[in-house]
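Let's take a friendly walk through this structure, starting from a single side chain and working outward. Have the viewer ready and follow along.

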Amino acid sequence: MSEILITGAKGQLGTELCHLLDERNIAYDAFDSSELDITNELAVEKTFEEYQPKVVYHCAAYTAVDNAEDNGKATNWFVNVNGTENVAKAAQKVGAKMVYISTDYVFDGKNEHGYEVDDDLNPQNEYGRSKAAGEQAVQENLSDYYIIRTSWVFGEYGKNFVYTMLRLAKDHDKLTVVNDQFGRPTWTRTLAEFMVHLIDTDAEYGIYQLSNDGSCSWFEFATEILKNKDVEVAPVTSAEFPQKAYRPTYSIMSLDKAKATGFEIPSWQEALGTFMRNIGE
């Protein structure tokens, strides 16, 4: 058994984190949802008592944003709130540090000047509300924690916007992408490296915000993804793409606190370029 425990080990971020730790020859114990149901309080407590981790990277989450508005509403809450509370309580009981991943959706997305770590939360959809409640559960049940808010996540392992654009570009001469929602893309490798960095440097506990540097609209992100593809990318408004769940207009979160830890954050263009080369695009 190792001193590190990972939940959600087969998700997009969990898989990236496992690969990063493998590359650094760092031992860990990883669990996916079939191996550890985080909504089962007794199962979580038993696992933590058996493994006695010193660090818990909590990557398990319900991320189906639109389904969370109706069919997945209960599951969204059970996983992101009750599950997170179970993990936090178990971590506190064995004296483990916890790293919890949150989201830009905890804000209302109406501040065009961006969001600081200590700005008031005001989630506008069910997913955002569950993640905000998850943050609260961590803070109320655990003393040694890192909460990391992130946004627009893409990476090698799992579904994401980059893969969607590349797939659509194979079958379409023209793609339309919204140009009135602004945020910061996040490469899972950058996020995983920051998670490990906080632990390795014994950074101050609390809330952080981490994405790649710079900002863009979804249209600008898509344009960069497809700049070497024979496809036209045209801007449209959000009104032309109605979705069940509210999407924030502005979700640019300040990275100042993360940078103050000494962590070097690549621009989203640099991160995307490296990612694209890694997948052979």
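Which residues does Phe48 touch, not counting residues up to four places away in sequence? Keep in mind that this is a predicted model. In it, Phe48 meets Leu5, Pro53, Val56, Val87, Ala90, Ala91 and Val94.

Now step back to the helix that carries this side chain. In α2, which spans residues 41-51, the buried residues are Val44, Thr47, Phe48 and Tyr51. They lie on the same side of α2, because the arc they cover around the axis is only 95 degrees. The general geometry helps here: an α-helix has 3.6 residues a turn, so residues three or four places apart point the same way. Turn the helix around and you find Leu42 and Lys46, exposed residues on the face directed away from the buried side.

What lies over the buried residues of α2? The cover includes three strands, β1 (4-7), β2 (29-31) and β3 (55-58), together with the helix α3 (73-94).

The two ends of α2 are worth a look as well. At its start, Asn40 places a side-chain oxygen within 3.2 Å of the backbone nitrogen of Leu42. After the helix comes Gln52, with a positive phi near 50 degrees.

From here we can move to the nonpolar interior. In soluble globular proteins, nonpolar side chains tend to be buried together. In this model the largest nonpolar core has 30 residues, and those touching the most other members are Val44, Phe48, Val56, Val87, Met98, Val138 and Leu142. Two or more residues come from each of α2, α3, β4 (97-103), α4 (126-141) and β5 (145-150). The top contributor is α3, which gives six residues. A second core, separate from this one, holds 29 residues, including Leu13, Val196, Leu210 and Ile265.

Finally, consider the cysteines. How many disulfides does a search of the whole structure find? The search returns zero. For Cys18, the closest cysteine sulfur is that of Cys59, and the separation of 7.6 Å is too far for a bond; a disulfide would need the two sulfur atoms within 2.5 Å. Looking from the other side, the cysteine sulfur closest to that of Cys59 is in Cys18. Both residues are buried: Cys18 has 9% relative accessibility, and Cys59 has a relative accessible area of 14%.

Terms used: Residues are numbered from 1 along each chain as its sequence is written. This is a predicted model: local features need pLDDT of at least 70, side-chain atom pairs count only at pLDDT 80 or more; totals for chains, interfaces and linings use all residues. Side-chain values use heavy atoms; hydrogens and water are left out. Buried means under 20% relative accessible area, exposed over 50%, partly exposed in between (1.4 Å probe, protein chains only). Helices (H or I, at least four residues) and strands (E, at least two) are DSSP runs, numbered from the N terminus. The arc is that of the directions from the helix axis to the C-beta atoms. Contact means heavy atoms within 4.5 Å. A polar contact is a pair of N or O atoms within 3.5 Å; within protein, one must be able to donate a hydrogen and the other to accept it, and residues adjacent in sequence count only if both atoms are side-chain atoms. A nonpolar core is a set of buried Ala, Val, Leu, Ile, Met, Phe, Trp, Tyr and Cys residues joined through side-chain atoms within 4.5 Å.
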